[in-house]
Structures are given as structure tokens and as C-alpha cells.
Amino acid sequence: SRSHEEERPLLKRPPCWPLALALLGSVVTPPALWAQGTLRLEASNERARVTTGGGSAATTWETLRLAIGWVDPARGGCMGAVERQSRAEMADLALQATCYRRLGDWTVAGGLGATPEASFLYRFTIEGHLSRRVAGTVLATAGYRYLEYPAVSIHQPQPALTWYHRRGEVEGRLFLTLNPDRDRTSATLL
């Protein structure tokens, strides 16, 4: 609602997010790491039929993504991405950055994202994950993500367990979504 936006004027545009993205990249990934990694380019297009707001009319939600990054799987890396998400007659352009760093049996990861003129996506998001190898190639992860939308804020703890094997990986992740603005909680297991 309009009155809700007026109460939170600083959230109309994410505060200082370009500086935060640069800082995240420099803190999590030191310059020496960049000399030993691999350049990665990703382009994807996803389309899904969805219904929103409890309605019965379906629409197509399309996500176009272009990402570039530098990764050394044994030590860490960073990736920046641009996503164009569209549904019905609306389209939002989101900017994202993620970094991770391996420290022995531990892995630290973080990410930031912003949608400068959001109509339905988050305006700002920040997340962090701490993983530890618990046995062989099995990792336990404690993750958290905060999302700021035009009318609500979402807190999302994300515990996970991942098994890496020769042909890929198998992961179970719980998304516990807390919406304190509307006093609602939901859980999704992926």
C-alpha cells in the first residue's frame, strides 16, 4: 500500500547496495584467489505456469538469467548475475552477487541482491550460509536469507544436508519462511 511505502522511505531503493556488493567480493574472495580459478559464464531461461494469490487463473513466470563468475572449487569464488523475471504484464530486473570461501572442513557463503524498481520481486535481499563437512562427503549447512518486498519483509532460515558423490549431489533443504508483518509462517522441504 502507498502508506506502507511512505513509512519506510529508505527501502524504496536499496541503500548503498553497490558498495555492499563490492565489499562482499573483496572480503570473501581475496585477490590471490582470482589468479587460480576458472571463469564461468551461465545463461538460462526458465518458464513455469503459476497461480498467485489463491486465484485459479494461471500465468507464465519467466526468468532470463545471465551470470559471470570466477571459481576455484577447492578454495572459493564469486559470481554476479542479472535476472529479468516477468509474469503477466510485469517485469523486474534483479542484480545479484554471491561469494563463497572454503576454509578446511568449513565453507562460508554470502549473497546480496537488489531489484531497484521492484513491482513484484524483492527490493533487497541478503543471505549467509555456514557449512561444515560432518562425515566423508556429507555437509551440514545453516543458512539464513532476508528479503525486503514493497509491503512485507521475510526471514528465511534454511538448514540443509548435502551428500556429494561421483555423479553429482543430493541435498535436502528446509525453507522456514517467517513473515512477521502478517504473522504467518510456512515451511517447504526441497
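This tour moves through the structure stop by stop, naming what to select and what is found there.

**The whole chain**

The model on display is predicted. Begin with the entire protein shown as a cartoon. The protein holds three helices and eleven strands. Followed from the N terminus, the three helices come before the strands, in the order α-α-α-β-β-β-β-β-β-β-β-β-β-β. Next, switch on the surface. Its accessible area is about 11800 Å², and carbon and sulfur atoms account for 59% of this. Of the 190 residues in the protein, 33% are buried. Among contacts between residues at least 6 apart in sequence, 39% link residues at least 24 apart.

**The disulfide**

Select Cys78 and Cys99 and show their side chains. A disulfide is a covalent bond between the sulfur atoms of two cysteines. Here the two sulfur atoms of Cys78 and Cys99 are 2.0 Å apart, and a search of the whole structure finds one disulfide. Which parts of the chain does this pair tie together? Cys78 belongs to strand β3 (residues 76-87) and Cys99 to strand β4 (residues 90-103), so the bond connects parts that lie 21 residues apart in sequence. The torsion about the S-S bond is about 110°, and the disulfide is therefore right-handed. Are the two cysteines buried or exposed? Both Cys78 and Cys99 are buried.

**From β4 to β6**

Keep β4 in view and add strand β5 (residues 106-114). These two strands run antiparallel and are joined by nine bridges. They form a hairpin with two residues between them. Select Gly104 in the turn, where phi is positive, at about 70°. At this end of the hairpin, select Leu103 as well, which stands opposite Trp106 in β5.

Now add strand β6 (residues 124-135). Nine bridges join β5 to β6, and this pair also runs antiparallel. To see one point of the pairing, select Gly110, which stands opposite Gly128 in β6.

**The nonpolar core**

In soluble globular proteins, nonpolar side chains tend to be buried together. Which residues make up the largest nonpolar core in this protein? Select Ala94, Phe120, Leu121, Tyr122, Leu147, Val152 and Ile154, the seven residues that form it. Then centre the view on Ala94. Setting aside residues up to four places away in sequence, Ala94 touches Ala81, Val82, Glu83, Ala114, Thr115, Leu121 and Tyr122. Two of these, Leu121 and Tyr122, are also listed in the core.

**Leu189 and Arg173**

Move on to strand β11 (residues 184-189) and select Leu189, which lies in it. Is Leu189 buried or exposed? Its relative accessibility is 70%, so Leu189 counts as exposed. Add Gly172: the two residues are 17 apart in sequence, and their C-alpha atoms are 7.1 Å apart in space. Beyond its neighbours within four places in sequence, Leu189 is in contact with Arg173 and Leu174.

Finish with Arg173, which is in strand β10 (residues 168-179). Arg173 has a relative accessible area of 12% and is therefore buried. Follow its side chain to the backbone oxygen of Gln158, which it reaches at 3.5 Å. With neighbours within four places in sequence left aside, the contacts of Arg173 are His129, Gln158, Pro159, Ala160, Thr188, Leu189 and Leu190.

Conventions. Residues are numbered from 1 along each chain as its sequence is written. This is a predicted model: local features need pLDDT of at least 70, side-chain atom pairs count only at pLDDT 80 or more; totals for chains, interfaces and linings use all residues. Side-chain values use heavy atoms; hydrogens and water are left out. A disulfide is a pair of cysteine sulfur atoms within 2.5 Å. Helices (H or I, at least four residues) and strands (E, at least two) are DSSP runs, numbered from the N terminus. Buried means under 20% relative accessible area, exposed over 50%, partly exposed in between (1.4 Å probe, protein chains only). Two strands pair if DSSP finds at least two bridges between them. A nonpolar core is a set of buried Ala, Val, Leu, Ile, Met, Phe, Trp, Tyr and Cys residues joined through side-chain atoms within 4.5 Å. Contact means heavy atoms within 4.5 Å. A polar contact is a pair of N or O atoms within 3.5 Å; within protein, one must be able to donate a hydrogen and the other to accept it, and residues adjacent in sequence count only if both atoms are side-chain atoms. Accessible areas come from the Shrake-Rupley method with a 1.4 Å probe; for residues, only the protein chains shown count as cover.
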